[in-house]
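Colleague: I'd like a close look at one part of this model. Please take me through the pockets and whatever surrounds them, one piece at a time.

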Amino acid sequence: MVDLAELGVPAVLAPDPHGLGLSCVDATLVAEEVGRVLLAEPVLDAAVVATALLAAGGAAGTALAERILAGHVVAAFDPAPSDLAVVAEPLPPDVLLAPAPDRRSLRVHAVLGDPADVDDMDPTRPRVSRRLRDLPVVDEIEIEGEGEIEGEIAGPVLLERASALGRILRAAELVGAGEVAIATTKVYLGGREQFGRPIGAFQAVQHQLASAWSGLQAARACVRAAAAAWDSRDRDAHALAAAGSLAAVEAVAVAGERCLHLHGGMGYAWETGMHLTVRRAEAVRRLNGPRHALHAAALGALAAR
């Protein structure tokens, strides 16, 4: 994490002088590159946490954000937990951030003991559930406001934006992973021969890959639209983030499965790492929570127009 922090990857969204101060659209490009190599390190999670802490204001939040951006502290963040906080933990976190019940502050929990549950669908980035009541609170950071947002709505708005940002970056990461899966499969189809011809010359094979690529480009457009809405503080940013996440998960799951089959199935594709793309897509689907909630958010925004 320290090496990646020195490159400024987690600080892509952090404003000057704490980071690069780029836009969310720019951050999606970074996230796609993270997905291309299926990076396990939580650099995108660090970007989300640090952005939320810096937006919350106050010396305590800024100090913790700077330590996270430097790679000295690994932090997990669930912007909407119940009694369980559900986070991805590629590395054991030092602290876990979660909002207080009144959503006016962020509580910093020390991560101690074993988690309540571990889902290792993606072995490089397991999904972990931790009971907040079992984790001692070592600090509480008041949400003082964000730009023009003041008073009672500052906390909920900040948390909603943090949640949307996390979904956008995870979706962009999946798009990058899916693009590499398709490119790798294209090379394989051009080199593998059957009946004296490359198997990529057969239309039945071509159409499967073309369909997967088309779905991926549509998902990328959804993610970029959500990122632009987040940058402009559009009221539909949260709904667009939900739609982009749904589109990316579905597109990459389909692309990964088709690429896996075009390689000959799991028995022949294990060494390509193609199965890791499928696993990453399913892990993000589970981390996002119930699909009906995302559908409701996206459809609710359309109905309100």
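Modeller: Here is a walk through the two pockets, followed by a helix and a loop residue.

Residues are numbered from 1 along each chain as its sequence is written, and side-chain values use heavy atoms, with hydrogens and water left out. Bear in mind that this is a predicted model, so local features need pLDDT of at least 70 and side-chain atom pairs count only at pLDDT 80 or more, while totals for chains, interfaces and linings use all residues.

Let's start with the largest pocket (an open set of points on a 1 Å grid over the protein atoms alone where a 1.4 Å probe fits, with protein on both sides within 12 Å along at least five of seven lines). It holds about 730 Å³ of space, a volume being the space filled by probe spheres set on the points, which are joined across faces, edges and corners. Its lining (residues with an atom within 4 Å of a point) comes to 42 residues, and Asp78, Pro79, Val86, Arg170 and Leu287 are the ones nearest its centre. Two or more lining residues each come from helix 3 (43-56), strand 1 (75-77), strand 2 (84-88), helix 5 (154-191), helix 7 (237-262), helix 9 (274-288) and helix 10 (291-304). Helices here are DSSP runs of H or I with at least four residues, and strands are runs of E with at least two, numbered from the N terminus. Helix 5 gives the most, with eight residues. By class, 27 lining residues are nonpolar, six polar and nine charged (nonpolar: Ala, Val, Leu, Ile, Met, Phe, Trp, Tyr, Cys and Pro; charged: Asp, Glu, Lys and Arg; polar: the others, Gly among them).

Now for the second largest pocket, with about 180 Å³ of space. Leu13, Pro15, Gly21, Leu22, Ser23, Cys24, Thr51, Leu54, Ala55, Trp230 and Asp231 line it, splitting into seven nonpolar, three polar and one charged. Helix 3 and helix 6 (203-231) each supply at least two of these lining residues, and helix 3 gives the most, with three.

Helix 6 is worth a longer look. At 1.5 Å a residue, its 29 residues should span 42 Å, and the end C-alpha atoms are indeed 42 Å apart; that expected span is 1.5 Å times one less than the number of residues. Trp230, which lines the second largest pocket, is one of the buried residues of helix 6 (buried: under 20% relative accessible area, with a 1.4 Å probe and protein chains only). The others are Val205, Leu209, Ala212, Leu216, Ala219, Arg220, Val223, Ala226, Ala227 and Ala229. An α-helix has 3.6 residues a turn, so residues three or four places apart point the same way. Helix 2, helix 3, helix 5 and helix 7 are among what covers the buried residues of helix 6. Just past the end of helix 6, Arg233 has a positive phi of about 60°.

Last comes Gly19, in the loop between helix 1 (2-6) and helix 2 (24-36). Gly19 counts as buried because its relative accessible area is 19%. Leaving out residues up to four places away in sequence, Gly19 touches Ala11 and Ala14, a contact being heavy atoms within 4.5 Å. Thr62 is 43 residues from Gly19 in sequence, yet the two are 12 Å apart in space, C-alpha to C-alpha.

Key: Buried < 20%, exposed > 50% of the residue type's maximum accessible area, 1.4 Å probe, protein only.
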